[in-house]
Amino acid sequence: MKKDSRAQITRKESWREYFLLSLESPAIAQNAQPGQFLMVRASVDTHPLLRRPFSIFSAEGKSVEIFFQKVGLGTRLLSEKQEGDTIDIIGPLGRGFTVKKEIRGKHSALIGGGRGIAPLYFLSQKLKAHGGTARVFYGGKSVEDLPVRERFEKSGTTLSCTTEDGSFGTRGQITEAFEAELNNGFTVSRIYACGPELMLKKIAEIAAALNVPAELSLESVMGCGFGACWGCVKRIRKGQEPGWHKICEEGPVLKAEDIIWELGNND
Amino acid sequence: MIDLSVNIGSLRLKNPVLAASGTFGYGMEFTPFMDLNELGGFVVKGLYFSPREGNPPPRLVETASGLINAIGLQGIGVKRFCKEILPQLRAYQTALIVNVCGENEEEYASVVEYLNSHEGIAAYELNISCPNVEKGGMCPALKPDLTYSVVKLVRSVSSRPLITKLSPNVSDIVEIALSAQEAGSDAVSLVNTFLAMAVDVDTKQPKLTNVFGGLSGPAIKPIALRMVFQVASQINIPVIGIGGIMSGEDALEYLICGAKAVEVGTSNFIDPESCLTIVQELERYCQTHGISRIEDIIGTLDVKQ
């Protein structure tokens with residue numbers, strides 16, 4: 001992990017409340033793995049004080065991309081940055097998705113709910129590079145919550161979209177669409193997902209029923225992102241012992257069976 | 001060449017900047033960002049005798065220029081620390097200070113006794129002030145007699161310099177500092193976090209599961225500075241200033257008010273190189289002001305009567 005206090009924004013795309021920033025930071029880009037994250041300082045002022053964690057959307061050559069939704073002060077300030085501005089980032093951090101050699105020739109399902117799509121583009125590219133095939137399930141409340149679908153389409157990834165209001169793709173919940181496909185004979189050897197807790201919990205149940213390994217990327221409020229503050233814990237099984245473990249170190253990507261779903265754990 | 005070294009009693013620091021307990025992990029977390037040798041020292045996360053689970057999340061909430069935490073002193077316990085972490089830390093030539101916790105006086109003493117037999121520790125910082133785990137609202141730092149009692153006991157078993165870390169959640173912090181001094185503490189460090197809370201107005205629930213947490217960061221600096229000045233003016237043992245230090249200028253305010261050293265806390269989360277930047281800024285200040293020894297700045301507050 002490295003700190004780069006002068007990562008330049010080389011490209012910015014925006015869709016209402018969603019933003020994609022491309023940052024030039026060679027040392028971080030070269031070492032990034034799908035599922036890892038960056039800690040980004042949205043302001044040099046003391047309010048907001050802390051950095052914000054963002055999954056790495058892609059890493060190629062000298063650049064890393066982050067995709068985020070404007071939800072509070074930190075993301076609002078970040079959304080106001082312009083091409084040419086520099087920002088202070090630390091990364092790559094945490095444990096990402098595992099992509100093993102055995103993935104060659106196998107099908108994986110990548111399931112992203114809302115801004116939870118953020119780490120899945122990078123993962124889809126890596127799976128392909130390893131000779132696997134990826135089908136991406138991308139869901140949101142409405143078509144406006146699926147802004148980066150074209151990136152997947154352009155890269156030739158099979159994409160299934162769902163919206164709760166039916167404004168695009170299949171109407172309904174993303175987990176329903178995934179289950180329907182499974183019932184239609186869609187088979188997967190691996191599941192990867194990121195999104196709201198309820199969605200992830202459901203995915204964990206589906207994966208357990210199918211006896212298919214699943215890896216889920218969790219979201220957490222983080223103080224530092226590199227293990228010093230002990231603020232980002234979730235209830236996780238490490239070895240046999242359940243305990244409060246740091247998401248920034250043990251995660252953000254965890255095996256589904258290691259996550260203990262209990263009230264307040266992951267909301 | 002500017003002499004940045006300071007003495008905290010018998011403890012000599014190469015510069016007056018320490019990383020504060022609870023914000024620096026067990027030290028190794030920061031090795032990707034800095035050479036720990038360049039620090040004046042660092043205080044590792046508070047250790048009880050046994051491992052501790054800590055509080056359920058959410059444990060953090062950000063407020064205006066501040067951070068409220070309710071970690072609950074989750075930690076690996078003193079045995080695992082000595083076995084797994086301490087051997088790695090011995091490679092560094094900087095002051096390693098261990099923050100010592102206890103649910104009762106005996107536990108403080110047993111942690112210190114256990115650590116006494118392990119090499120590579122420069123001093124102990126007695127955490128009598130963490131507001132998160134007190135039962136029934138009481139911790140030793142809140143009462144002069146309880147402070148005296150635990151410091152006296154730990155002093156009697158400690159083979160190393162003892163720094164007592166004070167809580168700001170009292171009506172007269174000078175009184176507590178005097179108790180620590182009287183009980184034989186070699187120094188005091190202040191302040192720990194301010195007991196605080198935040199509320200989600202939509203759910204009408206506290207933002208922390210623990211309801212209360214400790215406020216740190218720039219928001220507390222002016223109050224912490226006032227307390228450091230009051231204490232430094234009234235006691236004879238060295239004072240280490242803590243609270244919202246983000247820059248060399250912040251650190252200088254504390255030194256001018258009488259602190260012999262400072263601890264940098266929350267700033268480490270935002271900028272993991274923060275402590276070293278502050279050391280560089282102190283050095284630059286000395287150069288600009290023609291000061292050859294940083295100790296010459298300490299306690300130089302010019303109060304016009």
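Helices (H or I, at least four residues) and strands (E, at least two) are taken as DSSP runs and numbered from the N terminus. The model is predicted; local features need pLDDT of at least 70 and side-chain atom pairs pLDDT 80 or more, while totals for chains, interfaces and linings use all residues. Residues are numbered from 1 along each chain as its sequence is written.

Pockets were located on a 1 Å grid over the protein atoms alone, as open sets of points where a 1.4 Å probe fits, with protein on both sides within 12 Å along at least five of seven lines; lining residues have an atom within 4 Å of a point. The second largest pocket has a volume (the space filled by probe spheres set on the points) of about 550 Å³. Its lining comprises 21 residues, and A:Trp230, A:Lys238, A:His245, B:Ile76 and B:Arg80 lie nearest its centre. Strand E14 (241–246) and helix H7 (247–250) of chain A, with helix H1 (77–89) of chain B, each give two or more residues to this lining. E14(A) gives the most, six residues.

In chain B, eight strands close into a barrel in the order E3-E4-E7-E8-E9-E10-E15-E16, with parallel pairing; two strands pair if DSSP finds at least two bridges between them. The twist from one strand to the next averages 25 degrees. Strands E15 (residues 239–242) and E16 (residues 261–264) of chain B pair in parallel over three bridges, and B:Ile240 stands opposite B:Ala261 in E16(B). Helix H6 (residues 248–256) of chain B packs on the sheet and touches E15 and E16 of chain B (contact: heavy atoms within 4.5 Å). The direction of H6 makes about 140 degrees with that of E16(B), where axes are lines fitted to C-alpha atoms, for helices over the stretch in contact, and angles run from 0 to 180 degrees between N-to-C directions.

How values were computed: Chains lettered and ligands numbered in written order. Heavy atoms only, no water.
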